[in-house]
Amino acid sequence: MSHLSTQVTSLVVALGLASLAPASGAEEITFVSQGGAYQDAQAKAILEPAARNLGLTLKQDSSPKAYPIIKTQVESGRVSWDVVDLPTGDCVRGQAEGLFEKLDPQLIPNLAKLPAELKDDYMAGYISYSTVLAYRTDAFDEKSAPKTWADFWNTKDFPGARALRNLPRPTLEIALRADGVPADKLYPLDVDRAFKKLEEIKPHITTWWTSGGQSAQLISDGEVDMVQIWNGRASAVQAAGAPVAFTYNDGILETNSLCVLKGTRHRDAAMKFVNEAISAKLQAALPMIIDYGPLNPEAFTTGTIPAARQAVLPSSPENLAKQAVLSAKWWASAEGVKAEERWLSFVQAK
Amino acid sequence: MTQLTTIQPLSGNAVPAPPRVLFTSPAIAREERREHLTMVLLLMPALLMVVVLLVLPLLWLGLQSVQGEEGLSLANYTRIFTEAIYWDTFGTTLQISVIVTALSILLGFPIAYAAARTRGLLSSVILLCVILPFWTSVLVRSYAWLVLLQRRGVVNQTLIDLGIISRPLELVHNTTGTVIGTLHVMLPFMVLPLYSVMKKIPNDLLLASDSLGARPFYTFRRVFLPMAAPGVMAGSILVFVICLGFFITPELLGGGRTVLVSMLVQRNVELYHAWGAASAVGLTLLAVVFLIFWAVNKVIPIERVLGVR
């Protein structure tokens with residue numbers, strides 16, 4: 001149905017009869033995210049209120065792998081999505097491939113509120129999650145627990161089984177932090193140094209996990225005593241009653257950003273929608289439902305998020321100060337791609 | 001005239017065959033043609049399916065695998081043969097496939113033997129135990145092994161409680177775990193062909209051997225075993241070939257270190273979006289399978305193994 005109407009509309013436009021098309025009711029915009037509990041939470045906290053505030057008709061679509069679809073839509077000129085929520089790396093890539101509209105600061109005044117490293121001309125930081133160090137509380141008490149990646153690498157003082165992610169991102173960052181590189185001096189990553197540091201810990205790694213669920217299972221079943229894990233997974237394991245704790249200390253923060261598709265027929269509405277979605281008020285509502293951190297710093301001063309909740313969010317000012325922000329730009333660069341290719345031979349070599 | 005008229009029907013009766021053959025042979029040919037056509041029509045759906053779902057995608061894979069940045073290129077293939085990581089992966093895959101196949105013969109033979117040589121309920125129960133896992137998802141079975149084999153899993157906990165070991169054995173997140181999990185999934189593929197071959201071995205032959213004075217083991221070795229060999233061969237080929245492309249169990253139980261060819265394909269697509277490289281790896285694996293089939297065929301004709309002849 002939507003496909004048909006899209007085609008009919010584009011036909012009308014193509015014939016130069018756009019002015020004759022009836023302006024029927026509210027303008028419609030299509031927002032796309034990754035689906036699941038994450039999108040449901042967004043819909044409730046951000047998307048539906050934003051559409052209401054702007055008097056727009058909101059349509060949602062979801063795709064865990066949206067990037068190739070975006071590419072196809074833009075390149076074929078049949079754009080049916082307007083605003084997309086993507087891992088920031090995809091935003092960087094898409095920008096290079098010319099898939100996105102330049103954001104209009106006039107229509108998105110809230111952009112000014114975001115810290116510089118969380119936005120650029122084509123994307124606005126949206127939400128965040130963090131890769132943290134979690135450990136079993138039945139293996140370590142609070143005093144003896146590993147608190148940094150250097151501790152994670154220190155097998156003498158912190159004995160126990162360990163697991164890391166079977167991907168270089170952000171495992172290379174973690175290795176460099178363990179090797180003493182300051183959080184603000186990580187990029188460009190010293191890839192050789194990172195792999196060298198990883199060789200040190202390799203014999204002590206029980207499992208190189210590939211999925212978030214696996215990392216949760218490993219620590220929740222006590223298969224390992226410490227693990228690299230996403231904060232949302234760690235919180236879920238805790239909520240399920242497993243004796244697990246985690247620290248944001250030395251965490252690596254990653255973000256999703258919002259982009260507007262090039263060639264959208266609802267450019268202004270899409271820009272206004274982005275503005276609403278990153279407003280402090282709506283951003284503050286999201287972490288009350290799900291374990292993602294808002295990126296508009298003012299969200300933490302709206303009074304919506306209680307102090308106890310702030311303490312477990314990856315992007316609260318207090319936790320943000322302890323972490324490094326992953327550079328999606330570096331990973332999208334040629335060096336980043338090469339580092340990614342090098343991973344497999346590292347993990348497989350005996 | 002009268003004689004003639006009497007003779008004619010007689011002679012007609014005496015040599016009935018030639019005219020009838022002459023009369024019916026076009027009909028038979030027609031019938032044969034019709035039958036042939038029916039066969040072709042009946043085969044069409046299967047044939048179409050094979051072409052659409054197998055031949056075309058394979059051709060497409062082939063095309064994809066030789067597409068370089070600029071025009072045609074064999075870069076994806078040269079990489080397979082020059083980079084250690086690819087060699088290692090093929091090596092690990094072959095090694096695990098051989099180990100699993102050998103172990104499945106060792107474990108599967110006695111099970112199939114027991115099922116084939118017993119009667120009634122017991123035989124059904126044995127077969128049911130073999131087939132039952134078939135109805136459970138491979139994913140579920142792999143997780144079940146995780147629960148059993150992991151550090152604080154049932155096996156290690158029991159062994160520690162019994163005082164047999166003091167530190168947990170490393171049974172999973174490595175090659176050991178991969179082999180155990182894969183073996184469990186593969187066992188029915190060994191037992192079922194073995195069972196069907198063993199079931200066909202006439203008991204009379206074994207009795208004859210016994211009555212000629214052979215000891216039980218001699219009878220087993222010289223009479224039973226040679227006749228069961230095609231079953232072993234068929235099971236081995238099935239297990240080995242499925243192992244070569246196995247994915248879920250090694251991914252879950254291998255701890256990220258045991259990388260098999262299928263995982264290489266997945267990683268190339270998922271992580272690096274390198275469809276060309278993934279296609280080349282897939283086709284190389286297919287070529288390896290064909291090579292193995294060809295080699296086996298030299299030793300024992302495939303038709304015999306699969307019981308066609």
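Here is a friendly chat about a predicted model with chains A and B.

Colleague: Let's start with chain B. How many helices and how many strands does the secondary structure of chain B come to?

Modeller: Reading along the sequence, you meet the pattern α-α-α-α-α-α-α-α-α-α-α-α-α-α in chain B. Counting the two kinds of element gives 14 helices and 0 strands.

Colleague: What radius of gyration does chain B have, next to a compact globule of 309 residues?

Modeller: Begin with the box that the C-alpha atoms of chain B fill, roughly 115 × 70 × 35 Å along the principal axes. A compact globule of 309 residues would have a radius of gyration near 19 Å. For chain B the value is 29 Å.

Colleague: And what distance separates the centres of domain 1 and domain 2 of chain B?

Modeller: The domain assignment of chain B gives domain 1 as residues 17–65 and domain 2 as residues 85–305. In this chain, 4 residues of domain 1 are in contact with 6 residues of domain 2. On the domain 1 side of that contact there are 1 nonpolar, 3 polar and no charged residues. Taken over C-alpha atoms, the centres of domain 1 and domain 2 of chain B are separated by 37 Å.

Colleague: Let's look at two helices of chain B, α4 and α5. In which hand does α4(B) pass α5(B)?

Modeller: Helix α5 of chain B covers residues 120–131, and α4(B) packs with α5(B) at an angle of about 145 degrees, with the axes 8 Å apart. You can find the contact in your viewer: I111(B), A114(B) and A115(B) in α4(B) meet S123(B), I126(B), L127(B) and V130(B) in α5(B). By class, this contact has 6 nonpolar, 1 polar and no charged residues. The crossing of α4(B) past α5(B) is left-handed.

Colleague: Now the two chains together. Which helix of chain B gives the largest share of the side that touches chain A?

Modeller: In total, 15 residues of chain B are in contact with 16 residues of chain A. The chain B side of this contact divides into 5 nonpolar, 4 polar and 6 charged residues. Its largest share is 3 residues, and they come from the helix at residues 84–117 of chain B, α4.

Colleague: On to chain A. Which helix supplies the largest share of the side of domain 1 of chain A that touches domain 2 of chain A?

Modeller: Chain A is divided into domain 1 (24–128 + 255–320) and domain 2 (129–253 + 326–348), and 13 residues of domain 1 are in contact with 12 residues of domain 2. At least two residues of the domain 1 side come from each of α4 (88–96) and α13 (317–320) of chain A. By class, that side has 5 nonpolar, 6 polar and 2 charged residues. The largest share, 4 residues, comes from α4(A).

Colleague: How far apart are the centres of domain 1 and domain 2 of chain A?

Modeller: Keep the ranges in mind: domain 1 of chain A is 24–128 + 255–320, and domain 2 is 129–253 + 326–348. Taken over C-alpha atoms, their centres are separated by 28 Å.

Colleague: Are α2(A) and α10(A) parallel or oblique to each other, and why?

Modeller: Helix α2 of chain A (residues 36–54) and helix α10 of chain A (residues 267–277) have axes that come within 9 Å and cross at roughly 125 degrees. At the contact, I46(A), A50(A), N53(A) and L54(A) in α2(A) meet K272(A), F273(A), E276(A) and A277(A) in α10(A), and the classes are 5 nonpolar, 1 polar and 2 charged residues. The crossing is right-handed. An angle from 115 to 145 degrees falls outside the parallel, antiparallel and perpendicular ranges, so α2(A) and α10(A) are oblique.

Colleague: Where in chain A does P188(A) lie, the proline after Y187(A)?

Modeller: Most peptide bonds are trans. The bond from Y187(A) to P188(A) is cis, with omega near -10 degrees. A cis bond also joins R169(A) and P170(A), with omega about -5 degrees, and P170(A) lies in helix α6 (residues 168–178) of chain A. P188(A) is found in the loop between α6 and α7 (191–201) of chain A.

Colleague: Which strand of chain A holds D250(A)?

Modeller: Most residues other than glycine have a negative phi. Phi of D250(A) is positive, near 70 degrees. This residue lies at residues 244–260 of chain A, in strand β9.

Key
Residues numbered from 1 in each chain as written. Chains lettered and ligands numbered in written order. Predicted model: local features only at pLDDT ≥ 70, side-chain atom pairs only at ≥ 80, totals over all residues. Contact = placed C-beta atoms within 7 Å. Nonpolar A, V, L, I, M, F, W, Y, C, P; charged D, E, K, R; others polar. Axes fitted to C-alpha atoms, helices over the stretch in contact; angles between N-to-C directions. Parallel < 35°, antiparallel > 145°, perpendicular 65-115°, else oblique. Left-handed = near helix turned anticlockwise from the far one by under 90°. Domains from an automatic or database assignment. Rg over C-alpha atoms; globule rule 2.2 N^0.38 Å.
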